[in-house]
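Please read the following report with the sequence and the coordinates open beside it. Each section takes up one kind of local feature.

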Amino acid sequence: MHKENINENYMKECLELAKKGEGAVSPNPLVGSIVLDKDGNVVGKGCHEKYGQAHAEINALNQAGNKAEGGTIYVSLEPCSHHGKTPPCIDRIIKEKIKTLVVGMTDPNPLVSGEGIKKAKNAGIEVIENILATECEKTNEIFIKNITAKKPFIAVKTASTIDGKIATSTGSSKWITSEAAREEVQRLRNKYDAIITGSNTIIADNPSLTCRQQGGKNPVRVIIDSQLRTPANSKVYNDDGTSIIIATSENIDKNKLKIYPEYINIIKCPLNYDNKIDLEYLVEKLYAQEIFSILIESGGKLNGAFLKYNLIDKVYFFIAPKIIGDNTSISSFEGFKIENINESKEFKFGEVKNFPPDIMIEGYLK
């Protein structure tokens with residue numbers, strides 16, 4: 001097997017290791033690492049398991065022990081070169097006398113951004129860069145958005161029929177997609193810091209919005225309710241130790257707030273010209289509260305509002321092989337009108353996954 005293929009195969013495994021940290025390492029990146037000894041045998045594997053704990057390279061090197069000397073280390077993201085919650089990983093790599101460093105992508109963090117690679121080269125380590133860089137960047141799309149734009153990464157999850165309907169005209173929607181597709185949604189809830197929905201969804205469906213994946217964590221629950229119409233005994237407001245936020249109007253009657261438990265956080269937001277919550281203001285406030293990634297699970301109107309103001313980075317389109325056909329049924333995105341097809345909101349399709357009989361298509365807003 002060619003060396004290039006060997007490098008790619010090990011990097012693919014690094015990316016699978018990295019994903020084990022989903023839901024536990026935010027705001028840090030997802031990173032996986034593999035160590036080979038001087039004879040090319042795997043002697044250590046690791047990932048960044050939890051924020052504040054050892055990075056992937058350190059876990060892999062600890063497993064390798066003294067077998068790492070003269071060997072190769074693979075890492076999906078450039079090793080850090082600065083002191084944060086932990087010491088610089090590149091210093092440990094140099095100390096272990098690693099011969100070759102294989103890197104998936106350069107760290108976009110200005111505190112690193114090539115310095116780890118530079119330090120390795122200065123120490124006489126052979127560095128091979130940009131192995132499966134595109135795949136590595138996708139794995140850390142949330143981290144990259146946070147670092148480069150100082151904003152949260154925002155995704156929408158929709159479950160629709162082939163003709164783009166998320167419910168019939170009577171509101172019937174359980175269940176459009178299969179159990180396998182719904183299990184994938186639980187994985188997504190574990191991955192994102194927060195989940196946003198609107199008052200209409202709470203009133204209509206009374207969802208819990210918890211993560212039911214084994215070993216998963218509940219995302220922060222954010223309910224957009226400008227007029228405080230949602231009942232205080234809604235499941236979403238249950239005190240299960242998860243942070244709960246209501247985003248409401250800055251002019252809301254204080255007496256209305258009194259019906260909600262004290263453990264619920266309130267963010268008072270200005271209203272925009274159509275008397276709806278200013279979503280850009282809300283997103284900024286959430287980022288200031290260290291919410292770095294958001295999954296929107298809501299109806300067509302709130303989905304449409306986020307899309308209208310170009311606040312979406314990504315959509316998970318779960319599509320069932322069904323057709324409703326009724327033009328009064330509810331669409332995935334509503335609330336704005338496009339008359340010229342060339343002015344449509346456009347997406348670039350990404351990965352496609354099968355959850356028989358359904359599919360899921362990732363789409364990135366252009």
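The sections below treat a sheet, aromatic pairs, charges over a ring, enclosed and open spaces, and one arginine.

## Basis of the report

The structure is a predicted model, and local features are reported where pLDDT is at least 70, whereas side-chain atom pairs count only at pLDDT 80 or more.

## The five-stranded sheet

An open sheet is built from 5 strands in the order β2-β1-β3-β4-β5, and the pairing within this sheet is mixed. Its edges are formed by β2, which covers residues 42-47, and by β5, which covers residues 126-128, each of these strands pairing on one side only. On average, and with direction ignored, neighbouring strands of the sheet are turned by 15° against each other.

Within this arrangement, strand β3 (residues 72-77) and strand β4 (residues 100-105) run parallel and are joined by 5 bridges. Tyr-74 has Val-102 in β4 as its bridge partner.

## Aromatic pairs between β13 and β15

Across the whole structure, a search finds 6 aromatic pairs. In one of them, the ring centres of Phe-317 and Phe-347 are 5.8 Å apart and the ring planes stand at 85°, an angle over 60 degrees, so the pair is classed as edge-to-face. This pair links distant parts of the chain, since Phe-317 belongs to strand β13 (residues 314-320) and Phe-347 to strand β15 (residues 347-355), with their positions 30 residues apart in the numbering. Phe-317 has a relative accessible area of 17%, which is under 20%, and therefore counts as buried.

Another aromatic pair is formed by Phe-318 and Phe-355, whose centres lie 6.1 Å apart and whose planes meet at 40°, making the pair tilted. Because Phe-318 lies in strand β13 and Phe-355 in strand β15, this pair ties together parts of the chain that are 37 residues apart in sequence. Phe-318 and Phe-355 are both buried.

## Charged side chains over Trp-175

Two basic residues are placed over the face of Trp-175. Lys-174 lies at 5.3 Å from the ring centre, and Arg-182 lies at 4.4 Å from the ring centre.

## A pocket and a cavity

The second largest pocket has a volume of about 910 Å³. Its lining is made up of 43 residues, and those that lie nearest its centre are Val-25, Ser-26, Pro-27, Asn-28 and Tyr-51. The elements that contribute two or more residues to this lining are α2 (56-64) and α6 (141-149), and α6 gives the most, with 3 residues.

The search of the whole structure also finds 1 cavity of 30 Å³ or more. The largest cavity has a volume of about 170 Å³, and 19 residues line this cavity, with Val-25, Ser-26, Asn-28, Leu-30 and Ile-142 closest to its centre. Here, too, α6 supplies the largest share of the lining, namely 3 residues. Val-25, Ser-26 and Asn-28 are thus named among the central lining residues of the second largest pocket and of the largest cavity.

## Arg-92 in helix α3

Arg-92 is part of helix α3, which spans residues 89-95. With a relative accessibility of 21%, a value between the limits of 20% and 50%, Arg-92 counts as partly exposed. Along the chain, Arg-92 and Pro-79 are 13 residues apart, and their C-alpha atoms are separated by 9.8 Å.

Terms used. Residues are numbered from 1 along each chain as its sequence is written. Side-chain values use heavy atoms; hydrogens and water are left out. Two strands pair if DSSP finds at least two bridges between them. Helices (H or I, at least four residues) and strands (E, at least two) are DSSP runs, numbered from the N terminus. Axes are lines fitted to C-alpha atoms, for helices over the stretch in contact, and angles run from 0 to 180 degrees between N-to-C directions. Rings of Phe, Tyr and Trp (its six-membered ring) pair if their centres lie within 6.5 Å; planes under 30 degrees apart count as stacked, over 60 as edge-to-face and the rest as tilted. Buried means under 20% relative accessible area, exposed over 50%, partly exposed in between (1.4 Å probe, protein chains only). A charge sits over a ring if NZ of Lys or CZ of Arg is within 6 Å of the ring centre and within 35 degrees of the ring normal. On a 1 Å grid over the protein atoms alone, a cavity is a set of points where a 1.4 Å probe fits but cannot get out, and a pocket is an open set with protein on both sides within 12 Å along at least five of seven lines; lining residues have an atom within 4 Å of a point. Grid points are joined across faces, edges and corners, and a volume is the space filled by probe spheres set on the points.
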